[in-house]
Amino acid sequence: WYQKWRGDLEAVGFIFNPYEPCVANRQVEGSQHTIVFHVDDVKSSHVKHSVNVKFAEWLQHKYGQHGEVKVHWGPKYDYLGMVFDYTEKGVLKVDMTKYVEDMVDDFPVKLKKTDIASTPAPDDLFSAGQSKKLDQERKETFHTWVAKGLFVSKRARPDIHPAIAVLCTRVRDPNEADWLKLIRLLKYLNGTRKDVLRLSADDLSVIKWSVDVAFAVHPDFKSHTGGIMLFKRGTIQVISSKQKLNTRSSTEAELVGADDAIT
């Protein structure tokens with residue numbers, strides 16, 4: 001399927017991104033026409049509406065015999081669990097408030113409106129602790145909700161990514177302390193349900209990175225890298241991960257962190 005789809009797109013001038021096989025671009029009427037896709041969900045972007053119209057007509061002509069190609073137009077729409085909102089000029093809002101609300105409300109431990117936390121994680125986030133291991137049912141729940149958190153943190157809530165990154169290292173053998181950290185995270189989300197990611201850009205050719213490292217904070221004394229990428233306001237991409245090797249000083253850990261981000 002992918003080879004067929006890719007071949008059809010390349011035949012009409014699209015060039016696929018060598019690093020991301022689900023992104024393709026071409027030049028149309030002096031401006032870039034970009035498509036991104038996940039299986040049969042396709043998002044087409046061009047400065048001229050007429051280009052997107054012609055692309056939709058091409059899709060219908062090419063694949064309409066298998067079923068109508070449904071098209072949604074406008075400045076606000078749902079795509080792969082995210083609501084993209086272009087109603088404010090120069091700003092893209094990535095809205096996953098419904099997902100966050102469901103994530104909080106469906107958790108087995110019911111939270112009241114007043115059950116909120118000012119930050120996503122406690123001071124002992126990196127500590128493994130010596131508390132009792134979770135039973136199988138809560139272990140599975142822990143794994144499921146950490147995965148839910150990872151999904152939303154990568155798309156619209158980078159503010160919770162450091163906490164999620166650490167909880168991801170605990171899904172195989174979580175304990176009571178990890179369970180409390182997950183509840184703390186959900187309390188933070190409970191108080192920030194309406195937060196959306198706002199993205200804007202000054203210059204798309206200038207990518208800015210900010211990178212920092214916490215030295216030897218994990219139980220095995222590995223350090224933790226944090227980094228954000230932006231064009232002006234709002235995080236396009238976020239890194240928050242345990243380093244893969246032990247370092248002998250904070251200076252060495254900072255060098256490893258910079259290398260983590262550069263790739």
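## Salt bridges and a nonpolar patch

At 37% relative accessibility, Lys 48 counts as partly exposed, because that label covers whatever lies between buried (under 20% relative accessible area) and exposed (over 50%), with a 1.4 Å probe and protein chains only. This is a predicted model, where local features need pLDDT of at least 70 and side-chain atom pairs count only at pLDDT 80 or more, while totals for chains, interfaces and linings use all residues. Residues are numbered from 1 along each chain as its sequence is written, and side-chain values use heavy atoms, leaving out hydrogens and water.

So what does Lys 48 pair up with in a salt bridge? Its partner is Glu 29, and a salt bridge here is a side-chain nitrogen of Lys or Arg within 4 Å of a carboxyl oxygen of Asp or Glu. The two sit in distant parts of the chain, 19 residues apart. Glu 29 is partly exposed too, at 45%.

By this rule, the count comes to 18 salt bridges. Here are some of them:

| Salt bridge | Closest N to O |
|---|---|
| Lys 48 – Glu 29 | 2.9 Å |
| Arg 138 – Asp 135 | 3.7 Å |
| Lys 232 – Asp 202 | 3.7 Å |

Lys 232 and Asp 202 also link distant parts of the chain, 30 residues apart. Lys 232 is partly exposed at 46%, whereas Asp 202 is exposed at 59%. Elsewhere, salt bridges with shared partners tie Asp 85, Glu 88, Lys 93 and Arg 198 into one network.

Definitions and conventions:
Helix = DSSP H or I, 4+ residues; strand = E, 2+ residues; numbered from the N terminus.
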